[in-house]
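Reader: I am new to this structure and would like to go through it step by step. Please show it first.

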Amino acid sequence: MDANEQKKSKVPFYLIPKRALAQVALAMQVGAEKYGAYDFREKPAKSMVAYLSALQRHIAKVEDGVDFELVREEEGTVYAHVSHLAFVAAGALVMLDALEHNNLTDDRSPSGKPDAFWVGADETSQIIHQVLGGKDDEL
């Protein structure tokens, strides 16, 4: 098996940007300091809704123009800035790992037929764009 064949037959970890991975590791370090390393494996099942809510809070901060979480010591001295996007990635990784180890409680609300909703919402968005002339073409 040549190098290209071997590359194709293995998990392609080389595709993960290493600088981004380092930022995720820093977010994981914050979680380890707060909750303990691998608490998502060792403690009883976690709430999927709680994890999703945390991800949404970090995404909302990024959308609001806040790129970094200020990590502070007890006295309030800032000692680190960690990317909110790194917290999103770290949270998603924790959820994937917890799912893999059957340690995530699926407490989401019952499905509201999301596929039908999004098809309808997309069609409505297209109609609004056509009727109002689309001033925000970059969206």
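Reader: In what order do the elements of the protein chain run from the N terminus on?

Author: This is a predicted model. The secondary structure of the protein chain comes to six helices and four strands. Written from the N terminus on, with α for a helix and β for a strand, the order is α-α-α-β-α-β-β-α-β-α.

Reader: What share of the residues in the protein chain is buried?

Author: The protein chain has 139 residues. A residue counts as buried when its relative accessible area is under 20%. By that cut-off, the buried share is 19%.

Reader: How much of the accessible surface belongs to carbon and sulfur atoms?

Author: The accessible surface of the protein chain comes to about 11100 Å². Of this surface, the part belonging to carbon and sulfur atoms is 57%.

Reader: Which helix supplies the largest share of the largest nonpolar core?

Author: The largest nonpolar core has nine residues: Phe 40, Met 48, Tyr 51, Leu 55, Val 88, Val 94, Met 95, Ala 98 and Leu 104. At least two residues of this core come from each of helix 4 (48-63) and helix 5 (84-100). The largest share is four residues, and it comes from helix 5.

Reader: How many residues does the other core have?

Author: Another core lies apart from the largest one. Among its residues are Ala 27, Val 71, Phe 87 and Ala 90. The number of residues in this other core is eight.

Reader: Which residues is Met 48 in contact with, leaving aside its neighbours within four places in sequence?

Author: Met 48 belongs to the largest nonpolar core, as does Met 95. With the neighbours within four places left aside, the contacts of Met 48 are Met 95, Leu 99, Leu 104, Thr 105, Asp 106, Asp 107 and Arg 108.

Reader: Is Phe 13 buried or exposed?

Author: Phe 13 sits in the loop between helix 1 (3-9) and helix 2 (18-35). Together with Val 11, Ile 16 and Leu 21, Phe 13 forms a nonpolar patch on the surface, with about 390 Å² of accessible area for the four together. Since the cut-off for exposed is over 50%, a relative accessibility of 56% makes Phe 13 exposed.

Reader: What distance separates the C-alpha atoms of Ala 25 and Ala 89?

Author: Ala 25 is in helix 2 and is partly exposed, because its relative accessible area is 43%. Along the chain, Ala 25 and Ala 89 are 64 residues apart. Their C-alpha atoms are separated by 9.7 Å.

Key: Residues numbered from 1 in each chain as written. Predicted model: local features only at pLDDT ≥ 70, side-chain atom pairs only at ≥ 80, totals over all residues. Heavy atoms only, no water. Patch = residues over 30% accessible without salt bridge, like charges linked within 9 Å, V, L, I, M, F, W, Y side chains within 5 Å. Areas by Shrake-Rupley, 256 points an atom, 1.4 Å probe, with all protein chains shown as cover. Salt bridge = Lys/Arg side-chain N within 4 Å of Asp/Glu carboxyl O. Buried < 20%, exposed > 50% of the residue type's maximum accessible area, 1.4 Å probe, protein only. Core = buried A, V, L, I, M, F, W, Y, C linked by side-chain atoms within 4.5 Å. Contact = heavy atoms within 4.5 Å.
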